[in-house]
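User: I'd like to walk through this model one question at a time. Please keep the answers short and spell out the cut-offs as we go.

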Amino acid sequence: MREKETEVLETQESWHKPSLSEAASLPSQSRISILGPGTAQNVDKSTSLARKVFRLFKFINDLHALISTNAPGTPLTLILLGKSKNALLSTYLFLDQIVWLGRSGIYKNKERTELIARISLFCYMGSSICTTLVEIGELGRLSSSTKKLEKELKNTDKYKNEQYRSKIQKSNERSLALIKAGLDIVVAVGLLQLAPKKVTHRVTGGFGFVSSLISCYQLLPSPPKAKAS
């Protein structure tokens, strides 16, 4: 009887313990929470701490976007949401540098580092929520303007119209950004453990991995425009 119980326990442990490759795909806070201290430190140092160096002062980009002017005709609601997104994302990236200092051992106050890490994640989640609302609003504006253009091009091949193709491309890009923002919200909820039963570590890691793939895709250069015949 004891042998069977031991086998069951060993099976459960092997089932719930993630592999090193699975852990590497998770964000930093998730990796530390599901792995042992030694393994978590090795994974975190190799995949997170080294990468953070290249993100130093990245928050300045969003500060610049915060003070830049918006396109004429943009509704005030979308402007405020966009500025809020930039402010929250810039705050997250700035606080993330302090977290990096704490994780690397330069900043010695561990309790404050964990508090700052949690605050930064709330900023990240808020920024993702603002991004979601902005993209929904912009998609609505694009949809209405595209329908008007379709009526004007009713008796012609609309796909030969450069303006129509441009609107379709922008719509696709914003739809992808909307999907990514939704994934980022789930990742933030998972890292903050706001719904630990529904958003597990595996869900957080999976959504974070897909979000990273979308980010890489968004960085790809746009295909060259076809020359009009």
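User: What percentage of the 229 residues in the protein chain is buried?
Analyst: A quick note first: this is a predicted model, where local features need pLDDT of at least 70, side-chain atom pairs count only at pLDDT 80 or more, and totals for chains, interfaces and linings use all residues. Residues are numbered from 1 along each chain as its sequence is written, and side-chain values use heavy atoms, with hydrogens and water left out. Buried means under 20% relative accessible area, exposed is over 50% and partly exposed is in between (1.4 Å probe, protein chains only). By that yardstick, the buried part of the 229 residues is 32%.

User: How many helices and strands does the protein chain have?
Analyst: Elements here are DSSP runs numbered from the N terminus: helices are H or I with at least four residues, strands are E with at least two. Reading along the sequence gives α-α-α-α-α-α-α-α-α. So by that DSSP rule the tally is nine helices and zero strands.

User: Of the contacts between residues at least 6 apart in sequence, what percentage joins residues at least 24 apart?
Analyst: Contact means heavy atoms within 4.5 Å. Taking the contacts in the protein chain between residues at least 6 apart, the part that joins residues at least 24 apart is 65%.

User: Which way does α6 run relative to α7, roughly parallel or roughly antiparallel?
Analyst: Two packed helices are described by the angle between their axes and the distance between the axes. Axes are lines fitted to C-alpha atoms, for helices over the stretch in contact, and angles run from 0 to 180 degrees between N-to-C directions; under 35 degrees counts as roughly parallel, over 145 as roughly antiparallel, 65 to 115 as roughly perpendicular and the rest as oblique. The axes of α6 (residues 76-103) and α7 (residues 110-152) come within 7 Å and cross at roughly 155 degrees. That makes the pair roughly antiparallel.

User: And what is the handedness of the crossing where α6 passes α7?
Analyst: A crossing is left-handed if the near helix is turned anticlockwise from the far one by less than a right angle, and right-handed if clockwise. For α6 passing α7, the crossing is left-handed.

User: How many nonpolar residues are in the contact of α7 with α8?
Analyst: α7 and α8 pack at about 155 degrees with their axes 8 Å apart, which makes them roughly antiparallel. Ala, Val, Leu, Ile, Met, Phe, Trp, Tyr, Cys and Pro count as nonpolar, Asp, Glu, Lys and Arg as charged, and the others, Gly among them, as polar. Their contact has nine polar and eight charged residues, and the nonpolar count is 19.

User: What about α8 and α9: at what angle do the axes cross?
Analyst: The crossing of these two is left-handed, and the α8 side of the contact includes L176, L183 and V187, with F207 and I214 among those from α9. By class, the contact has twelve nonpolar, six polar and two charged residues. The axes come within 9 Å, and the angle is roughly 145 degrees.

User: Which helix gives the largest share of the largest nonpolar core?
Analyst: A nonpolar core is a set of buried Ala, Val, Leu, Ile, Met, Phe, Trp, Tyr and Cys residues joined through side-chain atoms within 4.5 Å. The largest one has twelve residues, including Y92, L121, M125 and A188. α6, α7 and α8 (162-192) each give two or more of them. The largest share, five residues, comes from α8.

User: How far is the C-alpha of A188 from that of M125?
Analyst: A188 lies in α8 and is buried, with a relative accessible area of 0%. Beyond its neighbours within four places in sequence, A188 contacts L121, Y124 and M125. A188 and M125 are 63 residues apart along the chain, yet their C-alpha atoms are separated by 5.4 Å.

User: E138 is a glutamate in α7, but is that residue buried or exposed?
Analyst: Not counting residues up to four places away in sequence, E138 touches T74, L78 and R174. Its relative accessible area is 13%, so E138 is buried.

User: What is phi of Q193?
Analyst: Most residues other than glycine have a negative phi. Q193 sits in the loop between α8 and α9 (201-218) and is partly exposed, at 46% relative accessible area. Its phi is a positive value, near 55 degrees.
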